[in-house]
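This report goes through the model chain by chain, from local backbone features to domains and annotated spans.

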Amino acid sequence: MRHRILRNTALASGAVIFAAFGAAAEPFKWASATDPQTMDPHAVSSAPVLSFLNNIYEGLVRRGKDMSIEPSLATSWVPLEGENGWRFTLREGVTFQDGSAFNAEDVMFSYERASSEASDVRSWFAPVTEVRVVDDYTIEFVTSAPNPLFPDSIANFMILDKGWAEANDAALPARDAENFATMNVNGTGPFMVSSRDPGVKTVLTPFGGWWDEATHNVTEATFTPIGNAATGLAALLSGEIDFISPIPLQDVAQVEGRDGFKVLEGEETRVIMFGFGHEHDKLLYSSDVTDKNPFADPKVRLAAAQALDMASIDRVLFRGKIEAASQLVPAGISGYSEANADRPAYDPEAAKALLAEAGYPDGFSFGLKCTNDRYINDEALCRAAASMFAAVGLNAELSTGPVRDYWPQLREDDFDMYLLGWSPGTFDMEHPVRFLLHTQDDEKKLGSWNFGNYSNPRVDELLPLVQQEIDPAQRQAYLDEIVQITQDDVAYIPLYTQPLIWAAKENIDLTQRADDFFMLRWVTVN
Amino acid sequence: MIAFLKRSEGLWLFVRSPAAIVAAVVAVLIIFGAAFAPLLSPVNPYDLSSFSLFDGLIPPLWQEGGNAKFLLGTDDQGRDMISSILYGARLSLIIGLAAMVIATVLGVGLGLAAGYYGGRFDAFVMRIADVQLALPAILTALLIDGIARGVLPADMQGDLRIAVLTIAIALSLWVNFARTARASTFVQMNKEYVQAAIMMGQRPARVMFVHILPNILGPLLVIMTVDLASAILLEATLSFLGIGLPPDSPSLGTLIQIGMQFLFSGEWWILWIPTLFLVALVVSINILGDFLRDVFNPRLR
Amino acid sequence: MVYFILKRLVQSVFVMLAVAFLAFALFRFVGDPVSQMTGVETSVQDQEKLREELGLNDPFAVQFYRFTTDMLRGDFGFSYRTRQPVAQMISARIPATLELGFVALLISLIVGIPAGVYTALRPRGVTSQTILMVTLVGVSIPTFVIGIMLIFYFGVKLGWLPTFGRGGTVNVAGWETSFLTVEGWRSLILPALTLGVYQLTLTMRLVRAEMMEVMRSDYIRFATARGVPMGRLYFRHALSNTLVPVITIIGLQFGGVIAFSIVTESVFQWPGLGLLFLESIRFVDIPVMGVYLVVIALFFVIVNMVVDLLYVAIDPRLRVRDAT
């Protein structure tokens, strides 16, 4: 079932293939740590999949180099009159890669597919109550409440061709078995898949019939997943690949110091934080305090925050490449609260005093859970934090593990304090409020990543107001209040924004977007 | 009597083999350092409050930026390298030795019995060995780790990591012993002294452990040394694959795994000093194993 | 003999079942596949629904029964990670691992046998001692460190050899081979060396030990006395006498090579079974892990059986015992 188009034409010898690469104008090779699990844009909502498929499929709207929303398959959109929702005017003259024309039926079909039970992206459409095709190039999304951010929230909602999907038995995303769309693509985007060997390599070629003007000069792009960071770096430095993301922080100097290579540094939108078991009635991993939960007291939580020396963490562990965080989104994300941009200062003495005041003059021991393969330097960070906590009497019993059994442990409340990174999928402050700060509510699907169940009635009250407010100033006022409350409560200890480190050969021009998506259409090989 | 002769002959061979002497000295030094790590180390690397990020990434004394407080420099956490290495070697040796002992007892016991009883029991043991061989060490480690995590209470798991790892390593090593013991036992079973002992009605356990075992000890000793070396390396490899010891109580293997991150960043000492220690330790154990082989002159299976 | 083979075949089935059982027991502890299959925004209810659909909530016995019966019917299921048929994924990766193991073994034989003979004939020579020492250091450095060192020296610093992957492969009747292109061979060198170092040392030491043994035997002494030329004596008489046990053990080692290749494949991004297995662990891809283990078990069982047959053929004493 594998595509062998390329191989079949040059079956006689692999050497021929390589000769062909050399002769072609601007082939481009890149690597990243994880292979996209599938080519189906609705089957798995993971960063590797969405990032990769954004080169092939397109949505109604798309994000520009600065993350702003711009027209894509829709040329304009306006709020509906007389009811909640949005009307999208679609682009005419767009064709899919197999040559069939794009129209509102394809959007309707893709909506039904993406919001079906088998889809992993259906949460994007939770506010949608009805979708109406007005004519071939107009479609309306009706929402249950005013939803000013709806167009932003569907930037990764990718459109499939109805005829193609139905003809190939792929009308629904593959859930437990593969279907045609798992390995094959037919988007409207700038690139098509010419061969794919999952976990080994995927070759993309430009789509000549793309509606937009191509600004890249890539004639063929080959993607290889390389899991081992040192191997990936070696592949770049030996010239076998042109670009890799990410590279380890500590190797930045090594790459920069070499002729012919460059490092692209940026801030991701992911904020790394510590969370607490707010509603636990006792500590699980303590050897001295076993009858109550000291972290239920905001004073203790503040003491923990004050014990952390972010400057040293930045200098030694992150080589000066992180930005300390004050709230759950970094500055620059919409809804960021400028009014609450300060984080608790490093002050071990004050921390000790607070602990004494809270009734723990000698401190106490507790369990700290961390991942060791999820975030940059996550394990080293937790070790450093544990050592800093120990300096004020908070003796962390550190346990680290792979992410594959981390979330289940957190869901089972198996922690006293834990590490979490959060990237706002909608690039708006509302996102972490919905997932991390609202009281857990399975019914309404709120607070689903609020493992410690931080709960403040005022925050719960403010969330719907934020979601429905059209006036930006009023909306920001609501968000400022939420940030203020959660900072006072020390609901989490936001630590820093995760850095984004890419490396490329000097002759490659590319754009690093804050969501860590790699867009081939912005690549120029000089 | 025979044992005594062999021993004295061994002593004589030992004096004549410079490599063995050097290896023995190195091994003894490292083992000594590891055994008395708490007395010799400047700080206790397991005590989180004994080091600080402030002191992170300090190079060894002889390099620019070195600090007399940290002879061999510090790692990215500001932890003294000497202390980490001594404590790490201690853990590596404890795990290696314990795994080897468990594997020996298990493997030799089963191998002896399989060779002695033969037939169905032999087939049974050998098929278990097949099952074991089919499970790569990494998987055995995952299996044991998983079961321990599922069965044991949460707060005990940290302390039990070492035991879990030891058992996993032991399980992936015992087959060697079993196969060797079994093959040697087969050979011994045909010897007259064994047949005589059996005819005289001695209990199987007595025949196995009193008569056969001393005569197959040679090849087993060699395997023991080789497997001690393998166990230490296996522990390092498991760390590389992410199922070794946690980095806040590192073994030599974990230290190397941590150091791998700094392979190209200029902080060479974080990787190469523990690696050097590990290699020195493993090489000397292997040389001693070679030496033992020369003494017993067995054929390694 | 036929009886012996039949008996072993029956036993082999039990070995495979035991491996499948153990493997299956383990899966429940590796992690939660559902949280790896879904995005962060997927609701808890949707996750639970998926878990139910995949049968992960069924009792252990039910899941195990389903797994084995499906497998017996030739239905290997679909990967949780890629949704592809597992049989297809595994069979696509087998050539890479077998070819790597084969070349590693070849290196170990081509270098190991002559080195073993040489060190046996001149046990006290400086060259012999150096060879012994160097290989000893070689097996005392963790494989992953050796691999990365080779990559950086030959790949990055000298730029002679590729640092990852298989390079050019050619598909011959469904078998993706590296052997037919220059690029394929160049890509093979470093991983095969990394994987071969350990085997090389082992082969060399085995040949050396056997050779020394044979050289001391009466048979060779008589030949020397008869005036057979030394070169012919070493290679025709002595070496050929050592080879049977050596080859037997090398057969066993091939199994070890396959198992050891997990680390090498991970360092070199070599798209073989080992790498697939590691990726599957990371994503808790239970169907792939299960089939991988059973395939490896099958492989070991076959190799062991062949080796045991060879043993029986060589050593009549074993045959007598096995007949009783």
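## Basis for strand pairing

Two strands count as paired if DSSP finds at least two bridges between them. The model described here is predicted.

## The open sheet of chain A

By that criterion, strand β5 (residues 85-90) of chain A pairs with strand β7 (residues 138-143) of chain A; the sense is antiparallel and there are 5 bridges. Within this part of the chain, Thr89(A) is placed opposite Thr138(A) of β7(A).

The pair belongs to an open sheet of 4 strands in chain A, ordered β4-β5-β7-β6, with antiparallel pairing. Its edges are formed by β4 (74-79) and β6 (128-135) of chain A, each of which pairs on one side only. From one strand to the next, the twist averages 20°. Helix α4 (residues 104-114) of chain A packs on the sheet and touches β5, β6 and β7 of chain A. The direction of this helix makes about 165° with that of β6(A).

## Backbone features in chain A

Two loops of chain A carry backbone features worth listing. Between Ser245(A) and Pro246(A) the peptide bond is cis, with omega near -10°. Pro246(A) sits in the loop that joins β11 (243-245) and α9 (252-256) of chain A.

Asp169(A) is not a glycine, yet it has a positive phi of about 65°. The loop that holds Asp169(A) runs between α6 (162-167) and α7 (180-183) of chain A.

## Domains and annotation of chain A

The domain assignment splits chain A into domain 1 (5-260 + 506-525) and domain 2 (268-499). Their contact draws 14 residues from domain 1 of chain A and 18 residues from domain 2 of chain A. The C-alpha centres of these two domains of chain A are 33 Å apart.

In the UniProt record, an unreviewed entry, the feature "domain: Solute-binding protein family" is placed at residues 69-441 of chain A. That span is 25% helix and 24% strand, and its end C-alpha atoms lie 31 Å apart.

## Helices of chain B

The unreviewed UniProt entry for chain B places the feature "transmembrane region" at residues 20-40, 91-117, 129-148, 160-178, 209-234 and 269-292. In the model, residues 91-117 of chain B are 100% helix and 0% strand, with end C-alpha atoms 38 Å apart. Residues 209-234 of chain B are likewise 100% helix and 0% strand, and here the end C-alpha atoms are 30 Å apart.

How do two helices of chain B cross? The axes of helix α4 (residues 81-117) and helix α9 (residues 204-240) of chain B come within 8 Å and cross at roughly 145°. The crossing of α4(B) and α9(B) is right-handed. Sorted by class, the residues in the contact between α4(B) and α9(B) are 22 nonpolar, 3 polar and 1 charged.

## Chain C

For chain C, UniProt (unreviewed entry) gives "transmembrane region" at residues 12-30, 100-121, 133-156, 188-207, 242-270 and 290-314. Residues 12-30 of chain C are 100% helix and 0% strand, and the end C-alpha atoms are 27 Å apart. For residues 100-121 of chain C the composition is 100% helix and 0% strand, with 31 Å between the end C-alpha atoms.

The domain assignment of chain C consists of domain 1 (2-72) and domain 2 (89-282). Taken over C-alpha atoms, the centres of domain 1 and domain 2 of chain C are separated by 35 Å.

Technical notes
Residues are numbered from 1 along each chain as its sequence is written. Chains are lettered from A and ligands numbered from 1 in the order in which they are written. This is a predicted model: local features need pLDDT of at least 70, side-chain atom pairs count only at pLDDT 80 or more; totals for chains, interfaces and linings use all residues. Side-chain values use heavy atoms; hydrogens and water are left out. Axes are lines fitted to C-alpha atoms, for helices over the stretch in contact, and angles run from 0 to 180 degrees between N-to-C directions. Contact means heavy atoms within 4.5 Å. A crossing is left-handed if the near helix is turned anticlockwise from the far one by less than a right angle, and right-handed if clockwise. Ala, Val, Leu, Ile, Met, Phe, Trp, Tyr, Cys and Pro count as nonpolar, Asp, Glu, Lys and Arg as charged, and the others, Gly among them, as polar. UniProt positions are given in the numbering used here, feature names are shortened, and annotations may be inferred rather than shown by experiment. Domain bounds come from an automatic or database domain assignment.
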